[in-house]
Amino acid sequence: MWIINPASRKAAYVSKKLYIKTWGCQMNVYDSKKMADILAPLGYQEVETPDDADMMILNTCHIREKATEKVFSDLGRLRPFKEAKAEKGEKALIAVAGCVAQAEGAEITKRAKYVDMVFGPQIYHKLPEMILEATGQKRIVNTEFPVESKFDHLPGEAKPAGPSAFLSVQEGCDKFCTFCVVPYTRGAEFSRPIEQIIEEAKRFADSGTKEITLLGQNVNAFHGEDAKSKTWNLAELIAAVADINGIERIRYTTSHPKDMDDALIDAHGSIEKLMPFLHLPVQSGSDRVLELMNRKHTAEFYIDIIDRLRKARPDIALSSDFIVGFPGETDEDHAQTMELVRKVNYASCYSFKYSPRPGTPGAVMKGVVAEDIKNTRLQELQALLVEQQTAFNKGFEGKTLPVLFDRKGQKDGQLLGKTPWMQSVHAEANARLFGEIVEVEITGAFQNGLSGKIVTTETTSTPSPQKDAA
Ligand code: SAH
Ligand code: SF4
Ligand code: F3S
């Protein structure tokens, strides 16, 4: 619990505007939501634009290059909003949070003196105190990895988590892949206690959440303890979340191939609520490059996991991350990546050009790959991935799928939803169906998603009394 002194307690009753911009992975999305929850009791309400905002937070990502430059250019855009407030005699605070904050620390306030607060991903539970200090004209730089966990200090949700919610269960990483900054920005691997997670999942379910994605930088290395000090693995946690009334769909991300244990693979066969889609990054199809990357497994090991997953759950679809142009990568290595992609046949993938990150071993490795070669390899890889993704989506044309409507469509009368395989679907739908899982006939399939028609007559009929009562 954080303590508010009597003077600041008054502030809780004054409505203030909070603007948060989020980059990076789902954990940052989760963190941004939690920051809003922490600030809500102090009177901060989230707004869509920085105009007239009392507090502006950039929640940043450091994973690939130019991250820092993007933050500074965004900071430059926020500055006039702060100045406009100052002209009215009011103080607006600008904060840089997340992984760039963790990596750059005081460099940020040195370069942009108008920044009031810089804090890393493990310290945002101290936001109320930091705001108090910053309001007193002090500049705050806090990139500690505190002994206590931020998760022990999070309040309940200020707003419902929504039909599909992220739930961080694990943070940090001890794997030290040679290209990656995460072990440095997020710190050591840590799993949340079981009861805390279940309690949060139940709160989500009570507020109408139907789908939960369990998050972690290395989520399948999860090893949380329960109140009796027994350690649970991810498969056990998934089973417990599946028992929560109202939760219909479970996902988890992101996983490392090394941690795909038998229990987790079996869970894909035995827990129906566990969705038949898995993001399992492999990065490269070449054993030589995998070793240089310190991924600690071979291409064959990965393919074997995929085979076992498909045995456990024949309709499972896969996605992955790839890096092209890691130092030392040859044409032959790249050809092996292409071969792996052909073997696995993915439903969707992310692919990136290697971007040297200061402070990581990869950044000083020999055999730097020229930019034009990186470009050619990326294009070749992406062409194949696009082909696979389009074919995957086309395979659903004419089929009827359960779709969870979790977003408003661009046009009125349209909702966007997700299939069990993570495809986006848009359909004409009554707003009343927002948050529901509805049978949708797929009428169109594209590279990036599907379009469909609701199978029931519910959109045109009046709401059933039962639904209204719910
Ligand atoms: N924890 C996850 C990945 C986190 S980062 C895992 O272990 O898979 C998300 C993705 O960004 C990575 O899978 C990788 O493909 C990409 N990535 C990370 N560092 C990168 C770098 N330096 N250059 C290019 N891509 C990178
Ligand atoms: Fe980064 Fe590797 Fe850890 Fe994933 S497993 S977060 S890629 S160091
Ligand atoms: Fe980016 Fe940090 Fe996530 S570097 S990918 S926001 S862990």
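This is a working chat about a predicted model, its two sheets and its ligand sites.

Biologist: Before we start, what kind of model is this, and how are things numbered?
Modeller: This is a predicted model, where local features need pLDDT of at least 70, side-chain atom pairs count only at pLDDT 80 or more, and totals for chains, interfaces and linings use all residues. Residues are numbered from 1 along each chain as its sequence is written, chains are lettered from A and ligands numbered from 1 in the order in which they are written, and side-chain values use heavy atoms, with hydrogens and water left out.

Biologist: Ligand 1 then. Which residues are closest?
Modeller: Phe-179, Gln-217, Gln-283, Asp-321 and Ser-355. In total, 15 residues surround ligand 1. A residue is near a molecule or strand if one of its heavy atoms lies within 4 Å of it.

Biologist: Which polar side-chain atoms lie by its oxygen atoms?
Modeller: Arg-64 has one 2.9 Å from an oxygen atom of ligand 1. Gln-283 has one 2.7 Å from an oxygen atom of the ligand. A polar contact is a pair of N or O atoms within 3.5 Å; within protein, one must be able to donate a hydrogen and the other to accept it, and residues adjacent in sequence count only if both atoms are side-chain atoms.

Biologist: And what is 2.8 Å from a nitrogen atom of ligand 1?
Modeller: A polar backbone atom of Ser-355.

Biologist: Switch to ligand 2. What surrounds it?
Modeller: Cys-173, Lys-175, Phe-176, Cys-177, Phe-179, Cys-180, Val-182, Pro-183, Asn-218, His-256 and Arg-295.

Biologist: How does that shell divide into nonpolar, polar and charged?
Modeller: Seven nonpolar, two polar and two charged. Here Ala, Val, Leu, Ile, Met, Phe, Trp, Tyr, Cys and Pro count as nonpolar, Asp, Glu, Lys and Arg as charged, and the others, Gly among them, as polar.

Biologist: Asp-321 came up at ligand 1. Which way does it point from S13?
Modeller: Asp-321 points one way from S13, along with Ala-317, Ser-319 and Ile-323. Leu-318, Ser-320, Phe-322 and Val-324 point the other way. Helices (H or I, at least four residues) and strands (E, at least two) are DSSP runs, numbered from the N terminus.

Biologist: Why call S13 largely enclosed?
Modeller: Because eight of its eight residues are buried. Buried means under 20% relative accessible area, exposed over 50%, partly exposed in between (1.4 Å probe, protein chains only).

Biologist: What sheet is S13 in?
Modeller: An open sheet of three strands, ordered S12-S13-S14, with parallel pairing. S12 (277-279) and S14 (348-353) are the edge strands, each pairing on one side only. The twist averages 10° from one strand to the next. Two strands pair if DSSP finds at least two bridges between them.

Biologist: How many bridges on each side of S13?
Modeller: Six join S13 (residues 317-324) to S14. Three join S12 to S13. Ser-319 has Ser-348 as its bridge partner in S14, and Phe-322 stands opposite Ser-351. Leu-278 is partnered by Leu-318 in S13.

Biologist: What lies across S13 and S14?
Modeller: Helix H14 (residues 371-394), running at about 175° to S14. Axes are lines fitted to C-alpha atoms, for helices over the stretch in contact, and angles run from 0 to 180 degrees between N-to-C directions. Contact means heavy atoms within 4.5 Å.

Biologist: Now the barrel. What is the strand order?
Modeller: S15-S16-S17-S19-S18, a closed barrel of five strands with mixed pairing. Its twist averages 50° from one strand to the next.

Biologist: Which strands run antiparallel to S18?
Modeller: S15 (residues 400-408) joins S18 (residues 437-446) by five antiparallel bridges. Leu-404 partners Ile-437 there. S18 and S19 also pair in the antiparallel sense, over six bridges. Those two form a hairpin with two residues between them.

Biologist: And S19 with S17, parallel or antiparallel?
Modeller: Parallel, with three bridges. His-426 has Ser-451 as its bridge partner in S19. S19 (residues 449-454) is mostly covered, with five of its six residues buried.

Biologist: New topic. Lys-34: buried or exposed?
Modeller: Lys-34 counts as buried because its relative accessibility is 2%. Lys-34 is in helix H2 (residues 26-39). Not counting residues up to four places away in sequence, Lys-34 touches Tyr-124, Leu-154, Glu-157 and Glu-200.

Biologist: Last one. Where is Ile-123?
Modeller: In the loop between strand S5 (117-119) and helix H6 (127-135). Ile-123 counts as buried, at 0% relative accessibility.
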